[in-house]
Amino acid sequence: MKELAGRLTALDPDAGAAVRVIAYFDRLAESRAGVEALVRGAAVLSGVPARLVDPDRLVRVRVEADGTRRDTELPPDPAWPSAALTPDGAPALWLERADARPSVVDAVILERAAGAARLVLDRTRGRATLDDPALVETLLDATAAEPARLHAARRLGLDTAASFRAVAVPGGPPRVLPADVRHAVRAGRAGVGPAAPVTGLPRSWAAARTALRFAAEGTAQDPGPRVVHADELGGLALLADLVVPGAEPPPDVRAVESAAADAPWLLATLHAVTATASLRAAAAEANVHHSTLQDRLAHAEHLLGWPMRTPQGRLRLHLALTLRRLTRS
């Protein structure tokens, strides 16, 4: 292959480079390289950052041209050279080339990297969105007999000896992920259940739905984590059993809502206070000066009626923000 690449380079530099690209990704595939290594290869070979985004499997990887992984939530530019993971599928692998001029080498990089990534994802991640609603319903139904759930798992192509996590999203179909996939990449809210065997997925699904209630939109009016893992909630999960969605909010939640109507910055600031280890860190999280944060807290304490610069006050505030999410319909 090296000799062929050398001969082709003498005749046509692009053809020689394309052969070297093919050989490079063939070696990665033979060594069973992972997705990050494939995206890194695409970035280094092309000389520009490369990114892979697979919403179905909740996978997002971005690597700079120097091989450094640096993920981002910014959307890709539609003008960048791209390739799909499946025939007629949506673009999933991009080369962040600003001029976006057609290039034979770029096309080969994208084709070989996308094909290798698809094989890796099919082998290691399965499908995040399961296609048959009836089978998925059976798989996650605690009242279904175990043989029926095992049959549904096999029909869906799941390894019955492996572990998975159920994922709940608002208004959308449930997802099932391999247990080692903890970071559900989504633009909106999601609750992730604990790892469980196929027969234990109903419990994971129930926990995922509970976790979803703790997830926020991540906006100024609903600050907080968009993705919540049930096995990280601990005793907080018990609150979900005590609070009925759509019920009358507790007094502290009503106080927060009233204060937020008076000060549009309040919710994001209060979240920063509860989500960080110090007021200086909270100021950085809220992107304000430390003195500005102190002034905001003084105003918030006046509006809410309790101190927030004490351990007890911060705990009360954290509970109020959590209950605010749990009481929404």
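## A walk around Arg-324

Let us start with one residue and its neighbours: leaving aside residues up to four places away in sequence, Arg-324 touches Gln-221, Asp-222, Val-253, Val-256, Glu-257 and Leu-267. Keep in mind that you are looking at a predicted model. Arg-324 belongs to helix α13, which covers residues 311–327. Is Arg-324 buried or exposed? Its relative accessible area is 15%, and because buried means under 20%, Arg-324 counts as buried.

One of those neighbours deserves a second look. Arg-324 and Glu-257 form a salt bridge, and their closest N and O atoms are 2.9 Å apart. Glu-257 sits in helix α9 (residues 251–262) while Arg-324 sits in helix α13, so this pair ties together parts that are 67 residues apart in sequence. The two partners can be told apart by their accessibility: Arg-324 is buried at 15%, whereas Glu-257 is partly exposed at 37%.

### The whole chain

Now step back to see the setting. The protein chain has 329 residues, and 45% of them count as buried. Its secondary structure comes to 13 helices and 9 strands. How much of the contact count comes from residues 24 or more positions apart? Among contacts with a separation of 6 or more, such residues account for 57%. On the outside, the chain exposes about 16700 Å², and carbon and sulfur atoms supply 55% of that area.

### Salt bridges

How many salt bridges does the structure hold? The count is 15, and the table lists some of them, including the one you have already met.

| Arg partner | Glu partner | Closest N and O atoms |
|---|---|---|
| Arg-62 | Glu-64 | 2.9 Å |
| Arg-324 | Glu-257 | 2.9 Å |
| Arg-309 | Glu-301 | 2.7 Å |

Try looking at how accessible these partners are. In the pair of Arg-309 and Glu-301, Arg-309 is partly exposed with 38% relative accessibility, while Glu-301 is buried with 17%. Some salt bridges also share partners: in this way Arg-51, Arg-62, Glu-64, Arg-70 and Glu-96 are joined into one network. Two members of that network appear in the table as a pair, Arg-62 and Glu-64. Arg-62 is buried, with a relative accessible area of 11%, and Glu-64 is buried too, at 17%.

### A pair of rings

Aromatic side chains are also worth finding on the model. The count comes to 1 aromatic pair. The ring centres of Tyr-24 and Phe-25 lie 5.4 Å apart and their planes stand at 90 degrees, so the pair is edge-to-face. The cut-off behind that name is simple: planes over 60 degrees apart count as edge-to-face. Which of the two labels, buried or partly exposed, fits Tyr-24? With a relative accessible area of 26%, Tyr-24 is partly exposed. Phe-25, in contrast, is buried at 2% relative accessibility.

### A nonpolar patch on the surface

We finish back at the helix where we began. Helix α13, the home of Arg-324, also holds Leu-319. Which residues form a nonpolar patch on the surface with Leu-319? They are Leu-236 and Leu-315, and together the three have about 230 Å² of accessible area. Leu-319 itself is partly exposed, with 33% relative accessibility. Helix α13 therefore holds both a buried residue, Arg-324, and a partly exposed one, Leu-319.

Definitions and conventions: Residues are numbered from 1 along each chain as its sequence is written. This is a predicted model: local features need pLDDT of at least 70, side-chain atom pairs count only at pLDDT 80 or more; totals for chains, interfaces and linings use all residues. Side-chain values use heavy atoms; hydrogens and water are left out. Rings of Phe, Tyr and Trp (its six-membered ring) pair if their centres lie within 6.5 Å; planes under 30 degrees apart count as stacked, over 60 as edge-to-face and the rest as tilted. Buried means under 20% relative accessible area, exposed over 50%, partly exposed in between (1.4 Å probe, protein chains only). Helices (H or I, at least four residues) and strands (E, at least two) are DSSP runs, numbered from the N terminus. Contact means heavy atoms within 4.5 Å. Accessible areas come from the Shrake-Rupley method with a 1.4 Å probe; for residues, only the protein chains shown count as cover. A salt bridge is a side-chain nitrogen of Lys or Arg within 4 Å of a carboxyl oxygen of Asp or Glu. Patches are made of residues with over 30% relative accessible area and no salt bridge: like charges are joined within 9 Å, nonpolar side chains (Val, Leu, Ile, Met, Phe, Trp, Tyr) within 5 Å.
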